[in-house]
Amino acid sequence: MEPYGDCAYCGGEIVERLQRVDYRVHGQLYILENVLAGVCLQCEEQFFTAEVAHRMESVVAAAAGPIETIPIPVIAVT
Ligand SMILES: [Zn+2]
């Protein structure tokens with residue numbers, strides 16, 4: 001069974017792997033490690049199954065504290 005299909009953006013092939021994922025909720029950016037994601041081989045867009053998306057939600061909601069905090073550069077494009 002293929003849970004992701006082809007990439008919705010470029011039609012490329014999607015492979016499943018453990019990813020570091022940028023995840024934003026209520027304006028707070030989290031970086032989640034070891035997320036099972038479908039990743040497009042062409043454009044690197046990430047896709048998640050409903051189960052994994054729900055898991056990310058509950059993990060962030062239940063998190064006692066991050067394992068690491070890193071500075072993130074913010075750059076204006078315009
Ligand atoms: Zn793509």
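Me: How many bridges join S1 to strand S2, and do the two run parallel or antiparallel?

Reply: In this predicted model, 11 bridges join S1 to strand S2, which covers residues 28-40. Two strands count as paired at two bridges or more, so S1 and S2 qualify. Their sense is antiparallel. Among the bridge partners, Leu 18 is matched with Leu 36 in S2, and Arg 17 is matched with Ala 37 in S2.

Me: What makes S2 and S3 a pair, and over how many bridges?

Reply: S2 and S3 pair over 2 bridges, in the antiparallel sense. The definition asks for at least two bridges, so this pair meets it. Gly 38 has Phe 47 in S3 as its bridge partner.

Me: In which order do the strands of the open sheet stand?

Reply: The order is S1-S2-S3, an open sheet of 3 strands with antiparallel pairing. S1 (14-25) and S3 (46-47) are at the edges, because each has a single partner strand and one side of each is left without a neighbour in the sheet.

Me: Why is the sequence pattern of the protein written as it is, and what does it contain?

Reply: The secondary structure amounts to 1 helix and 3 strands. Read along the sequence, these give the pattern β-β-β-α.

Me: Where does helix H1 lie, and at what angle to S2 does it run?

Reply: H1, residues 50-62, lies across S1 and S2. Its direction is at about 160° to that of S2.

Me: How do you know whether the span of H1 agrees with its number of residues?

Reply: H1 has 13 residues, and at 1.5 Å a residue the expected span is 18 Å. The expected value is 1.5 Å times one less than the number of residues. The end C-alpha atoms of H1 are 18 Å apart, so the two values agree.

Me: Why is H1 called hardly covered?

Reply: The count of buried residues among the 13 residues of H1 is 0. To be buried, a residue needs 20 or more other C-beta atoms within 10 Å of its own. Across the protein, buried residues make up 5% of the 78 residues.

Me: What makes His 26 stand out in phi, and where is its place?

Reply: His 26 has a positive phi of about 50° although it is not a glycine. Most residues other than glycine have a negative phi. The place of His 26 is the loop between S1 and S2, a hairpin with 2 residues between the strands.

Me: Is His 26 buried or exposed, and how do you know?

Reply: His 26 has 5 C-beta neighbours inside 10 Å. A residue with 12 or fewer is exposed, so His 26 is called exposed.

Me: What is the phi of Glu 44, and where in the chain is its place?

Reply: Glu 44 has a positive phi of about 65° and is not a glycine either. It is placed in the loop between S2 and S3, in the turn of a hairpin with 5 residues between those strands.

Me: Why does Glu 44 count as it does, with 12 C-beta neighbours inside 10 Å?

Reply: The limit for exposed is 12 or fewer, and Glu 44 has 12, so Glu 44 counts as exposed.

Me: What is Pro 3 called, with 13 C-beta neighbours inside 10 Å, and why?

Reply: Pro 3 is partly exposed, because 13 is over the limit of 12 for exposed and under the 20 needed for buried. Pro 3 is found in the segment before S1. Beyond four places in sequence, Pro 3 touches Gly 38 and Thr 49. Pro 3 and Thr 49 are 46 residues apart along the chain, and their C-alpha atoms are separated by 7.0 Å.

Me: How do you know the class of Asp 6, which has 13 other C-beta atoms within 10 Å?

Reply: A count of 13 lies between the limits of 12 and 20, so Asp 6 is partly exposed. Asp 6 is in the segment before S1. Leaving out residues up to four places away, Asp 6 touches Gly 11, Gly 12, Glu 13 and Ile 14.

Me: Is Leu 29 buried or exposed, and what makes it so?

Reply: Leu 29 has 9 C-beta neighbours inside 10 Å, which puts it within the limit of 12, so Leu 29 is exposed. Leu 29 belongs to strand S2. Not counting residues up to four places away, Leu 29 touches Asp 22, Arg 24 and Ile 72. Leu 29 and Ile 72 are 43 residues apart in sequence, with their C-alpha atoms 9.6 Å apart.

Notes
Residues are numbered from 1 along each chain as its sequence is written. This is a predicted model: local features need pLDDT of at least 70, side-chain atom pairs count only at pLDDT 80 or more; totals for chains, interfaces and linings use all residues. Helices (H or I, at least four residues) and strands (E, at least two) are DSSP runs, numbered from the N terminus. Two residues are in contact if their C-beta atoms, placed from the backbone, lie within 7 Å. Axes are lines fitted to C-alpha atoms, for helices over the stretch in contact, and angles run from 0 to 180 degrees between N-to-C directions.
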